Amino acid sequence: MSVVSEELSLKGVVRELLSYKSAILGLIILAGLIILSIYAVLFTPFAKSGALWNDQQVWLKYPRTAAPAWTNIFSSKKLPENVYVNMGKPVNVSKEGTRIKRTYVSKFSYNYDDTPSEIIFFFNTSYEKLRPKVSIYWMKPDGENLSLGTYRIRKGGTSIYLSNNLRLISDLQEKIEEELGKKINKSLTLEDILFRDFKTGGILKGTYTVRLDVLVKNETDRVEWQGIVYGKVYGLAGTDDKRRPLHLGLLWGAPIALAFGLVASLSITFIQLIISAISGYYGGRVDSVIQRLTEIYMILPFLPMLVLVQLLYGMNLWRLLLLLIVLSIFGTSVKTYRVWVMQLKSYPYVEAAKAYGASNMRIIFLYILPRLIPPTIPSLVLAVPGYVFLEAALAFLGLSDVNIVTWGRIVEEAFSEGALYKGYYHWVLMPSLMLVITAISFALIGIALDRIVNPKLKEM
Amino acid sequence: MPPVVKVLVKRALILFVIVLIATYITILVANVGGYIDDLKKKEIEFQVAQAVQNNPQYKDLSPAEKTALIKKLAQVEIKRQGLDQPFIIRSFRYLWDAITLDLGRAEKMTSDSGSRSVRIIILERLPQTILLFTTATVINFFIGLFGGLSLSRKFGSFLDKLVIYLSPTSAIPGWFYGIFLIMIFYTWLHVLPPGGLVDYPPPPDPVGYVLSVLKHMILPLLSWVVSSFFIGIYSNRTFFLLYSTEDYVEVAKAKGLPPRQIERRYILRPALPPIITQFAFAVVFSWSGAIITETVFNWPGLGLAYYQAINLVDVPVIVGITVVFGYLIAATVFILEILYGLVDPRIKAGMGEAL
């Protein structure tokens, strides 16, 4: 089947492409991804996004492994979002011995159907001599008052992680059992204690009150605080086990996936075209050397080689891309393209060019290559998802660039942290969804292009 | 010698030379950073140091004297093993070792039987890889072939259109579907194991063992089948349709031959060589995909061994498996050429250039 003889203009191809509904869908998705990528690159450059992603301190105030917030719409059980208990002004300042006591009262309403995931109080403190002391009290909507302990606060930014304060939890459980007059046969979590009604076992909905008594030595001693009742849902895509909001990772991964896939596919196709043009046009010894090279390349196990080099020389994403190109330029397509070149070589217009004395390079680059480009476009587009997934596969093997965020890396982290076994579906599904829609968009466009460029397929 | 054999012997020789070159490239790549040399020298120094420490004859030496002695003995040993020779000479020795699968000892990995020999590690894992991926490729091949053939008869039907519309799903690779399959069949439905080769502990009777292996094979196989299902049928269908528009098929139809006969004699027969090529490429491709698929499904084959070797940075194992993959691909290509010789009359006559 000779494909090269078909006359095709780029404009004609685009016009015809728009007559395919599937291609339009593909183009719309692709346009969306491109807009997302431009947005991502404009607001957070690659280097910065990678550094941010790897910095655990940045994400402290996000819940851990929270599902996307929109999952609440589809579920009868409303999972909590983050609730912030903010400081406000002290309601009372009094003297207690030689110390000054500032009392803060903060209220929040809680109307979800499940307990929160964690409770942490953050402090930012400066003092002169004595460490400030903080006592935390918790009042449930039914009026029950619980003391959550007294803590000495260190200088600078610190936090009190209430959820793993085992002593506090067992004390509180004893108190509750005393009130109930019976034993509870499992160890409760702090969240259970603070948010459940133990007569019914359900969640107590309504207004909760948090009281903090801050004892300081000097008038100038400063204690700023914020309590966070961590939710179980967050944002568009949820969070991972390091509290990172996944929608940011997905956003930052978009330009990388597109750039990697497109650059790989474009450069590999064009280099292969040039090599096959040279091989087919010159023939003879040049041709046989290039053909033997493609045979060697066929035997070289591609992914193992890629992995070997990546492992030994530990490269960043762009060098990995270069390596990928080097490992692919003598791919099997060279053989297909070469046959097309041989067909073109005998065309009258090439003969004519030879006759008026055009140089070989001129004939290859101006007369042969331009005619080869249209029939290769479908395979070029269809190859993009393969490269996007190749990056994901390398990330999955733990061989991707650790300094940037890619979708593959998020999937890998989810997988290695056991997200599938622990039921954090969103953590795997969200990045996978991005990979899948990217792949599908290119496939839709590519298949339509294939039918346009190979008119024999169109009839079928 | 009959021409077919002559062609095959020639091709086998060419393929062998190609494997040689590919292996040599692997060795060059692995050694550009001086990795293999460093490792070998370190191993020698370690062995010599141990020998000196354990030898009662050297008990009374001072630490400085001992260090000097170790250095001296290590130099002798390095010289004895030829590590002081220029790399060009050594690289050919490495090549010989690799080609003869004399792959040396793993640095950290051990085989399941506890051996450190790279050859044993590889041979232990090889059957599982061949089992899984040849089965997957064969299943996919026949689904594509028969699905495509039957769809080409129903050209233009609803089913035909459905397959065309669903063919973009194959842009997603098998291992990726694997993640979803684990999610559905293990995490959600709890009906199939998420990975591995057999249950633990393995069933003692052979029948139970085979059944357990089959149960563990379902998900990896399914992931590959799902991934290439629609594109396989679609491309085969298109391919058969292209062949069925040839003039000789029209002539056969005009002669009034029954459709089955036309299909067998005038469509399938001439389409056979490209179909075989397609199959062989699918097999070659599956070897490459082994690393990632076996990692996802924790399938103890060569690919998983490769992944484990990566994590342990065990270079001898990595080089060894790369070479074995090269051999596998070459063997596949060679079998392809034999088949080609059998089905393509032009090659049978010893004329055409294979592949």
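At what angle do α8(B) and α10(B) pack, and how far apart are their axes? In this predicted model, local features need pLDDT of at least 70 and side-chain atom pairs count only at pLDDT 80 or more, whereas totals for chains, interfaces and linings use all residues. Residues are numbered from 1 along each chain as its sequence is written, and chains are lettered from A and ligands numbered from 1 in the order in which they are written.

The two helices (DSSP runs of H or I of at least four residues, numbered from the N terminus) pack at about 160°, and their axes are 12 Å apart, where axes are lines fitted to C-alpha atoms over the stretch in contact and angles run from 0 to 180 degrees between N-to-C directions. That angle makes α8(B) roughly antiparallel to α10(B), since angles under 35 degrees count as roughly parallel, over 145 as roughly antiparallel, 65 to 115 as roughly perpendicular and the rest as oblique. The crossing of α8(B) with α10(B) is right-handed, a crossing being right-handed if the near helix is turned clockwise from the far one by less than a right angle, and left-handed if anticlockwise. Among the residues in contact (C-beta atoms, placed from the backbone, within 7 Å) are B:Leu219 and B:Phe240 of α8(B), and B:Ile267 and B:Phe297 of α10(B). This contact has 9 nonpolar, 2 polar and no charged residues, with Ala, Val, Leu, Ile, Met, Phe, Trp, Tyr, Cys and Pro counted as nonpolar, Asp, Glu, Lys and Arg as charged, and the others, Gly among them, as polar.

Helix α6 of chain B (residues 158–166) also meets α8(B), their axes coming within 8 Å and crossing at roughly 120°, which makes α6(B) oblique to α8(B). The crossing of these two helices is left-handed. Here B:Val163, B:Ile164 and B:Leu166 in α6(B) meet B:Phe230, B:Ile233 and B:Tyr234 in α8(B), so that by class the contact has 6 nonpolar, no polar and no charged residues.

Between the chains, the contact takes 43 residues from chain B and 40 residues from chain A. Helices α8 (206–244), α10 (259–297) and α12 (315–343) are among those of chain B that each supply at least two residues to the side touching chain A, and that side divides into 34 nonpolar, 9 polar and no charged residues.

Of the 29 residues of α12(B), 21 are buried (20 or more other C-beta atoms within 10 Å of the residue's own, all placed from the backbone), so this helix is largely enclosed by the rest of the structure. Helix α11 of chain A (residues 348–355), by contrast, is hardly covered, with 0 buried among its 8 residues.

Key. Contact = placed C-beta atoms within 7 Å. Buried ≥ 20, exposed ≤ 12 C-beta atoms within 10 Å, placed from the backbone.
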